[in-house]
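Before terms such as buried or salt bridge can be used with care, it helps to ask what earns a residue that name. Please look at the structure below and follow the reasoning from value to conclusion.

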Amino acid sequence: MHATAQRQAAALTALTIVLAAVVAFLTAVAAPAQADPAAPVRVPTAPTAPPTSAPGPSAEAVVVHDVPVMTMRATANLDTYTGPGTGYDRAGAVLAGTEVQVDGTTDDGWYRFTDGRFAKSTFLEAASEPEAEPTTTAEQVPMWTTAAVNARTGPGAQYDKAGTLTAGTEVRVNGWTADGWYRLADGRFVLGTYLSAWAPAEVPAELDAQRTEAEAEAARFGVTVRWTDLPGNMAGAWTALARDTVGVDTATLADGVAVLVVRHETAHRAIDATCGTPAPPIAGDRYENVTDAYADLFHGGMNGFFGPDLGGVRAQVGYGQPTADDYAVAQAINAGRCS
């Protein structure tokens, strides 16, 4: 009986050991695997896209400077944007000629409208003040178109077209504005840069070299030569009506004195710019001789030359050798004294 009890106890002990081993095995299988603490755990992340540049300046990068409200005019049809750059959303279009109010600018050339939109300043210009009533002449002055040009209903490109004039058309002018628009006798307006105070004349091809030289001399003084056939023995002419041009007789080219004529006529222009007239009181009735002296002193010289033989009359370029008094008067005019 005792031996049997011992055998039963041994068997129970063995069974207990087996059961403990099974439980330990099942627990090990069921438990989650633990990472080796010595090995770093790598957590995969989503790929990072390469940085891209913004299509336009960011709001933080662009400073908009407030300015007093000013009126601008669109010079062409242009798009507007919600911010100062083409990377912003479009905010509608502005048609050429439309006036807008601007109250802000950026350093890179964008304007902010008072309604918050932005447009590139390249296509905006300051709107001119309403044109003053043109100065009116008592007589109708003949002028000629130098190229095909549009006539307008008012003194500005923003006015409606009122027909086209072909090059060389003679018109009659009875008024002009300070910014260079000429009123024709029929009420239309033409930009003065397309008008000449002298009827155009053809320059012979064989005289092209002389013409080029004379035109280069005129450009030195900021004027344009209008080649013409002047009456009598006149070699050149200047008028405040077309102050940035000089009329030069084509015959002066054959005699090689066109450059000298340009110097004399641009001296008239310079004296007028100083004194408000090409014949200031200080010059008296010798204003042409004084003009010679002025050209001689300040425009490269011109005395002692004569123009071509026109019907037996030598067209004198200049009015004879100026006197010492003429030179003194020219010096005084250049210093700003006119009377």
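The questions and answers that follow set values from this predicted model against the cut-offs behind the words.

Q: How many helices and strands does the protein chain have, and what share of its residues is buried?
A: The protein chain has six helices and 19 strands, and buried residues make up 37% of its 339 residues. Among the contacts with a separation of 6 or more, 60% are accounted for by residues 24 or more positions apart.

Q: Why is phenylalanine 118 called buried?
A: The word buried is used for a relative accessible area under 20%, and phenylalanine 118 has 7% relative accessibility, so it counts as buried. This residue is found in strand 6, which covers residues 118-120. Leaving aside neighbours within four places in sequence, phenylalanine 118 is in contact with several residues, including Val64, Tyr81, Pro84 and Trp110. Its C-alpha atom is separated by 9.6 Å from that of threonine 86, although the two residues are 32 residues apart along the chain.

Q: How do you know that cysteine 275 and cysteine 338 form a disulfide?
A: A pair of cysteine sulfur atoms must lie within 2.5 Å to be given that name, and the sulfur atoms of cysteine 275 and cysteine 338 are 2.0 Å apart, so the pair is a disulfide. A search of the whole structure finds one disulfide. The angle about the S-S bond is -85°, and the link of cysteine 275 and cysteine 338 is left-handed.

Q: What parts of the chain does the pair of cysteine 275 and cysteine 338 tie together?
A: Cysteine 275 lies in helix 4, while cysteine 338 lies in the segment after helix 6, so the pair ties together parts that are 63 residues apart in sequence.

Q: Are cysteine 275 and cysteine 338 buried or exposed?
A: Cysteine 275 has a relative accessible area of 18%, which is under 20%, and it is therefore buried. Cysteine 338 has 16% relative accessibility, so cysteine 338 counts as buried by the cut-off of 20%.

Q: What makes the pair of arginine 269 and aspartate 244 a salt bridge?
A: A side-chain nitrogen of Lys or Arg has to be within 4 Å of a carboxyl oxygen of Asp or Glu, and the closest N and O atoms of arginine 269 and aspartate 244 are 3.0 Å apart, so the pair forms a salt bridge. Arginine 269 lies in helix 4 and aspartate 244 in the loop between strand 16 (236-237) and strand 17 (245-249), so the pair ties together parts that are 25 residues apart in sequence. In the whole structure there are 13 salt bridges, and a network of them links Asp66, Asp103 and Arg112.

Q: Why is aspartate 326 called buried, and why is arginine 286 called partly exposed?
A: Aspartate 326 has a relative accessible area of 3%, under the 20% cut-off, so it is buried. Arginine 286 has 31% relative accessibility, which falls between 20% and 50%, so arginine 286 counts as partly exposed. The two residues form a salt bridge with their closest N and O atoms 2.5 Å apart. This pair links distant parts of the chain, with aspartate 326 in helix 6 and arginine 286 in the loop between helix 4 and helix 5, 40 residues apart.

Q: How do you know that glutamate 288 has no salt bridge?
A: The nearest side chain of opposite charge, that of arginine 286, is 11 Å away, whereas a salt bridge needs the atoms within 4 Å, so glutamate 288 has none. Glutamate 288 is nevertheless buried, and its place is in helix 5, residues 287-298.

Q: What joins the side chains of glutamate 288 and histidine 264?
A: A polar contact of 3.0 Å joins them, and this distance is within the 3.5 Å cut-off. Leaving aside neighbours within four places in sequence, glutamate 288 is in contact with His264, His268 and Tyr319.

Q: Which helices do the buried residues of helix 5 pack against?
A: The buried residues of helix 5, among them Glu288, Val290 and Tyr294, pack against helix 4 (258-275) and helix 6 (324-334).

Technical notes:
Residues numbered from 1 in each chain as written. Predicted model: local features only at pLDDT ≥ 70, side-chain atom pairs only at ≥ 80, totals over all residues. Heavy atoms only, no water. Helix = DSSP H or I, 4+ residues; strand = E, 2+ residues; numbered from the N terminus. Buried < 20%, exposed > 50% of the residue type's maximum accessible area, 1.4 Å probe, protein only. Lys, Arg positive; Asp, Glu negative; His and termini not counted. Polar contact = N/O pair within 3.5 Å; in protein donor to acceptor, adjacent residues only side chain to side chain. Contact = heavy atoms within 4.5 Å.
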